[in-house]
Amino acid sequence: MTNTDFFKKASEYARKAGCDGCETFFAAGESFEVNANAGEIDRYSVSRDAGVSVRISFGGRQGYAYTERIDEPEKLVDRAIDNAKCIESDDPHPMQKKCAYQTIAPGKSALADKDEQARISLARRMEQAAMEADERVQRVVYCSVICEAGRVAIRNTNGLLAERSSDLSLIFVMPSVKDGEEVQTGIAFRMGADAADAEGCAREAVQDALDKLGGTPVASGTYRVLFKPFAFCDLMTAFAPMFSADEAQRGRSLLAGKEGQRIASEIVTLTDDPFDPVAPRAFDGEGTPCAPKSVIENGVLKTLLHNLKTAAKAGVKSTGNGSRRSAASTVGVAPAVFRIEPGGIPFDGMVKRLGNGLIVTELEGLHAGVDAVSGDFSLKAAGFLVENGVVVRPVSGVTAAGNFIELMKNVSALGSDLQYALPQNGYYAAPSVLVEKLTIAGN
Amino acid sequence: MIKESTAQAVLLEAQKSGADYAEIFLEDKESTQIEMLDGKVESANYTRSCGAGVRVLRGTQSAYAYCADIGEQALMETARAAAAALGEAKYSPSGEVTFAAKRYGTKMERPFDSIGNADRVALMREGALAAKGVSGELTQVMVRYIDVLQRVTIISTDGVFSFDERPRTRIFIQAIAMKDGEAQTGYHGPGCGLGFEAYKDRIDVAQAGRTAGNMAVTMLHAPECPAGFLPVVIDGGFGGVIFHEACGHSLEATAVGRDNSVFCGKLGMKIAADCVSAVDDGTLPGEWGSINIDDEGMPGQRNLLIENGVLKGYLIDKLGSRRMGMPATGSSRRQGYTFAPTSRMTNTFICEGGDDEEEMIASMGEGLYAKKMGGGSVNPPTGEFNFSVNEGYWVKNGKIVSPVRGATLIGKGSEILKKIDRVGPRMWMAPGMCGSLSGSVPTNVGQPRIRVSGITIGGKGGAIE
């Protein structure tokens, strides 16, 4: 059954069953992944998938149902009605009205037009480049080439039709290096237009691993800390829920009601930019048109992120941040491309400005050691000790602990080296960020 | 779900590029998820995922293809895609597989399709009320409920033709306490591999609510945890996550079979203190991590991992078995048809020991009693781990003096195992979702209360007077 037919049948059936609105969210895609190990292809996966989620409004309350058997719209609508009937919350969740979208140039995807053999040889080349980059390279733990193509179509009884397609090209490699008894791993990736750069990616990953060799803890204390872009992106990813109006309205964000107030150092500007070339999109997960906006401007919180439901509750317009983690998920809130605007200082200059302190290159434990409700984090960290503006030695086996809100207030300089992290329910980008104080626990 | 003749044809097609093993995995999974906030149902969703994957092996090379369509034509195309990954389709495999058809399935007293949303919501409300009742400082209680029924058919050139029906359900209660711009959370999330009858005598929802509420309020009044290298007593239940992350993952064939584990080549060698024995047991009835059969069709089993400190076994799937030259252990698992299976844990725990639970705190001097662990992660090639402690208490002179918040434990798995110096007499488990190469699968972690003679405790570094 085509998704147009499915929508027609579902909405017709929903109307007869007494629903006051019906929406279908159709998602389909193809994916390709190959992993090279010791010159062989040891893991290879191709797929084709499709699924449809139905959202109905019944007596003003919404119910969802999702299936990958796209043949029984009536049964699915029945399930959704059943779910709507148990909703007790009185908050309305309007569906997007019919609207027009800006034409957005798709992001560049270096591997989209490459055939399987080219992608496989790219994986092999990347592994080989990593093995040859240094004699201390022991093996390559992961060496993957991933390509995904996806299509989304949202239709509803308000006359909405929103369609888009997207491509993802991604390569990543994780070599392990051994020096004496010590083993370290490094990681690097390339995506979008850069995804064919196997050699550059391999060299960067090996360097990342070598840099960690010989790391030891520092004495416990309060340090000035320079976060490298990826480490800061990790914190942003973990604390993005604080900026969600949904979390705020649920009493789960300390930023609730702080619009218009200073919440960060005045040099911090945080943009949510759905038009960023890394992953441009014209509309969000419920078909609302998107536009770039400042979330924090010169340290002042300008807006939280809204979908149609949170916007209706707050009496504002949706910011186009309605999100579906997957086609099977209900509508939530997430950033499109969350970007800390870079400053003018190159990384070397940032190290000089740090003077004495720590460079944090890596944070681990992000799915456990952070609490987006309190803003607290306590994470395993690795990086370098800097004395008098010079890198002295690698540091490992320490934890970095603090509070995200405090941290944002203590930002004193921003680098010019903006980088994009691997996407996780949205894209995140940051330059290197100098923070005046953070608690480090070592020995 | 699939005819035998179709299965034969698909397996033959999959072997056309020289595979010496082919396998079909068919899945039909239904799930209901409900979320309640402040005693009101906020959202309800039903999802049905349905599809098939075809995997082929040639030696230690593997290829996997999957499709959200289980029609015969789609299956043949999926088989061709998997075969193409191994090379040209220049072979013409022949010979029918002799199948041994088997039916497995967890018996359910109250299957999920026999209950309604009203039953689910009543249960959630009971948990929410119990949590909220703990203290006026609780500003928010969230309850999430999920039930899942996964039906799978696994067919392979080894003659496997097995059907399995796998129910599971879990309720997750989170409470938030706020005061003076500070917020702390507490939670409890019991789950079982059973039908809705799990809530009759295995899961006490009101108790779970109270546990969540108490934890949030206790942590709201807790000072920051001191930092340092000190003894740590870790409670049973989710405390077992330390073994799961720091050791369990490094015993999986995905790590061992590719020489990415600190435990490679250590069978029969001492890797832990004498008081440590550990198993991975997929056969425990109705447990969250239990399996009837694994995702290659092999029945679950009890695998001894460590006995009195000596490494006894690994967790091995079929591909790992080929890499390692050792038999498979009923450990092959996957989230669903969108993932190829690999070696995973089921219910993994440190076995009961003979040490007194009170004595191990009384004799520890100064240190941390980690009552409830949060999650953590480990880097298998290096064995370095990190865990958060969600409910901790500071111990001075062998006495608990204060709750503490914000502690993180870091170290190396291989070193911690040798530093365990007490193992209590009573083991219990707690459920979690474990993420790895083959997706997110339900696993139990567990242990008795144990003591580690020294771990690096990180945090904001408070001082306890």
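**Sheets and interface in a predicted two-chain model**

A:L270 finds its bridge partner in β10(A), and that partner is A:I296. This pairing belongs to a predicted model, and it makes a handy way into the sheet of chain A. The two strands involved, β9(A) and β10(A), run antiparallel and are held to each other by 3 bridges. A:I296 also looks the other way, toward β11(A), where its bridge partner is A:L301. Right beside that pair, A:E297 is matched with A:V300 of β11(A). Strand β10 (residues 293-297) of chain A and β11(A) are again antiparallel, this time with 2 bridges between them. Together β10(A) and β11(A) make a hairpin with 2 residues between the strands. One residue in that turn, A:N298, has a positive phi of about 45°.

Zooming out, the sheet these strands belong to is open and has 6 strands in chain A, in the order β11-β10-β9-β14-β20-β19, with mixed pairing. Its edges are β11 (300-301) and β19 (419-420) of chain A, each of which pairs on one side only. Helix α5 (residues 229-239) of chain A packs on this sheet, where it touches β9 (270-272), β14 (337-340), β19 and β20 (427-430) of chain A. The direction of α5 makes about 135° with that of β20(A).

Chain B has an open sheet of 6 strands too, with mixed pairing and the order β12-β11-β10-β15-β22-β21. At its edges stand β12 (310-311) and β21 (428-436) of chain B; each has a single partner strand, so one side of each is left without a neighbour in the sheet. Further in, strand β10 (residues 278-281) of chain B pairs with strand β15 (residues 347-350) of chain B in the antiparallel sense, over 3 bridges. Within that pair of strands, B:V279 sits opposite B:F349 of β15(B). A helix is found on this sheet as well: α6 (residues 241-248) of chain B lies across β10, β11 (302-307), β15, β21 and β22 (439-447) of chain B. Helix α6 runs at about 120° to β22(B).

Elsewhere in chain B, B:T106 lies in the loop between β4 (100-103) and α3 (117-132). Leaving aside residues up to four places away in sequence, B:T106 touches B:E165, B:P167, B:G193, B:L194 and B:N292. With B:N292, the link is a polar contact of 3.2 Å between the two side chains.

Now for how the chains meet. The size of an interface is often given as the accessible area lost when the parts come together. For chain A and chain B the buried area comes to about 5600 Å², 48% of it on carbon and sulfur atoms. In residue terms, 67 residues of chain A are in contact with 70 residues of chain B. Between the chains there are 31 residue pairs in polar contact, counting those with both residues at pLDDT 80 or more. Strand β2 (residues 40-58) of chain A supplies 11 residues, the largest share of the side of chain A that touches chain B. That side of chain A is made up of 23 nonpolar, 25 polar and 19 charged residues.

Salt bridges also cross the interface, 8 of them by the rule used here. One salt bridge is between the side chains of A:R79 and B:E30, at 3.4 Å from N to O. The backbones take part as well: strand β3 (residues 61-67) of chain A runs parallel to strand β2 (residues 40-58) of chain B, and 4 bridges join them. Here A:A65 has B:Y46 of β2(B) as its bridge partner.

Terms used: Residues numbered from 1 in each chain as written. Chains lettered and ligands numbered in written order. Heavy atoms only, no water. Contact = heavy atoms within 4.5 Å. Buried area = accessible area lost by both parts, 1.4 Å probe. Salt bridge = Lys/Arg side-chain N within 4 Å of Asp/Glu carboxyl O. Polar contact = N/O pair within 3.5 Å; in protein donor to acceptor, adjacent residues only side chain to side chain. Nonpolar A, V, L, I, M, F, W, Y, C, P; charged D, E, K, R; others polar. Pairing = 2+ DSSP bridges. Axes fitted to C-alpha atoms, helices over the stretch in contact; angles between N-to-C directions.
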